[in-house]
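Dear colleague,

I am handing over the structure that we talked about, so that you can look at it beside these notes. Please open it first and then read on.

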Amino acid sequence: MTGAALNIHATAIVINRTGLIFAGPSGWGKSMLAFACITEAKRIGLPASLVADDQVFLSKRDGAIVAECPPSIRGLIELRGTGIVQCDSVSAAPMHYAVLPGSASGETRLPPDDEVAQLAGGFSLPAVRLLASTPVPLAVLMARAPDIGR
């Protein structure tokens, strides 16, 4: 890690060349959704890796927000109710989108198209909303952020 980094509670992955950081309250399903996206991406032939689960170090480099993994948890992801499993990983990757919880109650049925997630420490990324119960989360993410598949 270079420079000052902020440790946040999140899960970061990279699909193809697009970095996704899943941010939200504890128990929302960040890890499970991220793992489902990695698995589905590989199934359809896209490269996909975990960057970090539970603890993500964020820093800015050359104008990009970069996520890094603490060495002690590299390649490990906790799947609630299942346990901690190994996952293909990279130690760092630029982040492009923040994946946030969607509203199942219908109060925010259509979030704004230009929504920006304000992460801790002044980091901000374009936001994509996702319900934890989404059966194929990668399909939803690719519909909202088509550059994931490119």
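Below is what was found in it, beginning with how to read the numbers.

This is a predicted model, in which local features need pLDDT of at least 70 and side-chain atom pairs count only at pLDDT 80 or more, while totals for chains, interfaces and linings use all residues. Residues are numbered from 1 along each chain as its sequence is written, and side-chain values use heavy atoms, with hydrogens and water left out.

The largest nonpolar core (buried Ala, Val, Leu, Ile, Met, Phe, Trp, Tyr and Cys residues joined through side-chain atoms within 4.5 Å; buried means under 20% relative accessible area, exposed over 50%, partly exposed in between, with a 1.4 Å probe and protein chains only) has 24 residues. Helix 1 gives the most to this core, with five residues, where helices are DSSP runs of H or I with at least four residues and strands are runs of E with at least two, numbered from the N terminus. Leu 141 is among the residues with the most contacts inside the core, and, not counting residues up to four places away in sequence, Leu 141 touches several residues, including Leu 20, Phe 22 and Val 99 (contact means heavy atoms within 4.5 Å).

Lys 42 is also found in helix 1, but is partly exposed, at 36% relative accessibility. Beyond its neighbours within four places in sequence, Lys 42 is in contact with Ala 48 and Asp 88.

Finally, an open sheet of four strands has the order 1-5-6-9 with antiparallel pairing, where two strands pair if DSSP finds at least two bridges between them. Strands 1 and 9 each have a single partner strand, so one side of each is left without a neighbour in the sheet.

Best wishes
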